[in-house]
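Trainee: I've got the sequence and the 3D view open, and I'd like to go through them with you. Can we take it piece by piece?

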Amino acid sequence: MTQSRRLTTAQALIAFLLQQHTRRDGVEQRLFAGCFGIFGHGNVAGIGQALQQMPEFRYYQVRNEQAMVHAAIAYAKVKNRLQTFACTTSIGPGATNMLTGAATATINRLPVLLLPGDIFARRNVAPVLQQLESLQSQDFSVNDCFKPVSRYWDRINRPDQLLTALPEAMRVLTSPTETGAVTLALPQDVQTEAFDFPGEFFDHRVWHIARNRPDTAALHRAVALIRDCRRPVIVAGGGVIYADATEALRKFVDQTGIPVGETMAGKGSLRYDHPLCLGGIGATGTLAANRIARDADLVIGIGTRYSDFTTASKTAFQDPDVEFINLNVTEFDAGKHHGLPLIGDARATLEELAVMLTGYRVDDAYRERAERLHHAWETEVDRIYALHHTPLPSQGELFGVLNEHSDPGAIMVNAAGSMPGDLHKLWRSRHPKNFHMEYGNSCMGYEIAGGLGVKMAAPERDVIVIVGDGSYLMLSSDLVTAVQQGIKLIVVLLDNGGYKSIGALSRSLGQDGFGTRFVRPRDGQLEGDSADAQPLEIDYAANARSLGATVITARTTGEFSAALATARAAENTTVILIRNDRLTGVPGYDSWWDVPVAEVSDMPSVQEARRAWEAMRTRERLFL
Ligand SMILES: Cc1ncc(C[n+]2csc(CCOP(=O)(O)OP(=O)(O)O)c2C)c(N)n1
Ligand SMILES: [Mg+2]
């Protein structure tokens, strides 16, 4: 027995977190890289005091609580979920500002430890500043809102509850199947209360990340299915990358000849120039991937949760007898589409399948078709990269410049707007971390905060944040943090005068882009696509400069390319601002996304869109 330690709840919590480690493939690392936070009365005397006393657990000041959660999960994503951050807030709005981040974490299956302050456990001084009062129960606080967006939630009402809560919280954070946001609500008084914690609670702990293998009978059934099918396709999701299975996937593809489409989180699973890499699949997918998917009789999903973008709202796979094999660490995902579940680690299972499939190859004709589609797609990307749109450049050609003139080892970060769809199609991923897209929650405002986390996780790489004007206006304040910490980002700010993506969506629904442009109202109404609308003059350059960033304004693709070179050489976080055409988009390629259209409308364009929608609806499959 080691000696007990008399510590406050907050001190014990931090001392415990310091000792947590993960280990996979013989490599051990600290689970927590530190703590992001903003102090208020709900945490300054508790967690704040503990962090001050224990500088080994590094504290990073940020500007916005949502942003810090996004930075934390971006870090975790780059680290393949083996490391993350803790996030501390005050009570009330500081805490609820993390809700969106919590949802982003849990939707994307990325670990983060949230430590919102909470109202007094002893209650006698209630209602305290920022306390939500309830007639129903004195046990309610705003932190109860975290329950549905957390994979584990607890409230620490007395110090010794840490002894049972923390190990469970760590188990969930480090579990590939259960991970997501973990919330420990910390009443502000309890944080400061002391207890004699058993010494061994603070021993070095290692959480071994298993590479589980699927049921043997299921593997045999999967092999039989693969040997029997004629047109298989692999859907590679984020799980391929988190499991560090990209090399195993490449070998599997080389051996079997099965082509690969990639989800948003899975893009980069296979290098873009592999002849069987079909690129993005689904609603924002390539013609190559979507043609092969349409005709596939067997879909092998690896580490994918089959979001509606991946399945093109269940229209992507049209073979009437299509079947699914779902290789996933999570039983929940493995069971989707009535698939054959291979519940296990992507890398271990792919290696095992490769051995069991010795001698198997797809027909030459099928492989050649996939390769032809791959090459045709590369030609299409070249076309869009060289569009030379005037007077303003198109977004697609700017992405061409970025792709071709950024460091091949760079990480590109994006999340929302018209960019994810274009990038999913156009970005040529040269390594598994090249394409960092938050598209589970597609949360505007993730970009700069996420870039911060990415750069902290991979300081040796260039980090290129691509952010729309809409997202920039929503949440860019952590540019200050990048400047403060010397965490250098290259931020590409695309000014297209508003919400281009939703404008295009609105137009496709017959609604003329209503409410999607940054224009002044006329007669109390915001105009849509009318040519003489009065644009807002927003000085983004001055805004970014005022936060400490270096700013370069570019007008043409040539200037843009030069600006990128300058930004790459710069030491300070650099924002490249460029206006681009708001109407020129990258087309869809045999794909669809179900956004229901108004059933009743006075507008003929809406009625027309409704008819088209009803026709497409009939293509949605149930996979029973
Ligand atoms: C937090 C949040 N609010 C709303 C949305 C819905 N939404 C998706 S894209 C978009 C517009 C984004 O505008 P911008 O960043 O300028 O990108 P653009 O569409 O112009 O490419 C909106 C409002 C969202 N994804 N996230
Ligand atoms: Mg925009």
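Mentor: Sure, and keep in mind that this is a predicted model. Let's start with helix H6, residues 162–174.

Trainee: How far does H6 reach from its first C-alpha to its last?

Mentor: H6 has 13 residues. At 1.5 Å a residue you'd expect 18 Å, and the helix comes close to that. So the reach, from a span expected at 1.5 Å times one less than the number of residues, is a good match: 18 Å.

Trainee: Which residues of H6 are buried?

Mentor: Here, buried means under 20% relative accessible area. Going along H6, the ones that qualify are Leu162, Ala165, Leu166, Pro167, Ala169, Met170, Val172, Leu173 and Thr174.

Trainee: Now the metal. Which residues are the protein donors of the magnesium ion (ligand 2)?

Mentor: In sequence the donor residues follow the spacing D-x26-N-x1-G. Asp469 sits in helix H18 and Asn496 in the loop between strand E21 and helix H20, so this pair ties together parts that are 27 residues apart in sequence. Both Asp469 and Asn496 are buried. At 2.0 to 2.1 Å from the ion, the donors are Asp469 (OD), Asn496 (OD1) and Gly498 (O).

Trainee: E21 turns up in a sheet too. Which strands stand at the edges of that sheet?

Mentor: The sheet is open, with six strands in parallel pairing, ordered E19-E18-E20-E21-E23-E22. An edge strand has a single partner, so one side of it is left without a neighbour in the sheet. That picks out E19 (435–437) and E22 (550–554).

Trainee: And how much does the sheet twist from one strand to the next?

Mentor: Think of stepping across the six strands of this open sheet. From one strand to the next, the twist averages 20°.

Trainee: Which residue in E19 is the bridge partner of Met412?

Mentor: Strand E18 covers residues 411–414, and three bridges join it to E19, with the two running parallel. Look across from Met412 into E19 and you land on its bridge partner, Phe435.

Trainee: Last one: which residues in E11 and E3 pair with Thr22?

Mentor: Thr22 belongs to E2, residues 20–24, where four of the five residues are buried, so the strand is largely enclosed by the rest of the structure. Four bridges join E2 to E11 in parallel, and four join E2 to E3 antiparallel. E2 and E3 make a hairpin with two residues between them, and Asp25 in the turn has a positive phi of about 50°. Opposite Thr22 in E11 is Trp207, and its bridge partner in E3 is Gln29.

Note on methods:
Residues are numbered from 1 along each chain as its sequence is written. Chains are lettered from A and ligands numbered from 1 in the order in which they are written. This is a predicted model: local features need pLDDT of at least 70, side-chain atom pairs count only at pLDDT 80 or more; totals for chains, interfaces and linings use all residues. Side-chain values use heavy atoms; hydrogens and water are left out. Buried means under 20% relative accessible area, exposed over 50%, partly exposed in between (1.4 Å probe, protein chains only). Donors are N, O and S atoms within 2.8 Å of the metal (3.2 Å for Na, K and Ca); water is not among the atoms, so sites may look incomplete. Two strands pair if DSSP finds at least two bridges between them. Axes are lines fitted to C-alpha atoms, for helices over the stretch in contact, and angles run from 0 to 180 degrees between N-to-C directions.
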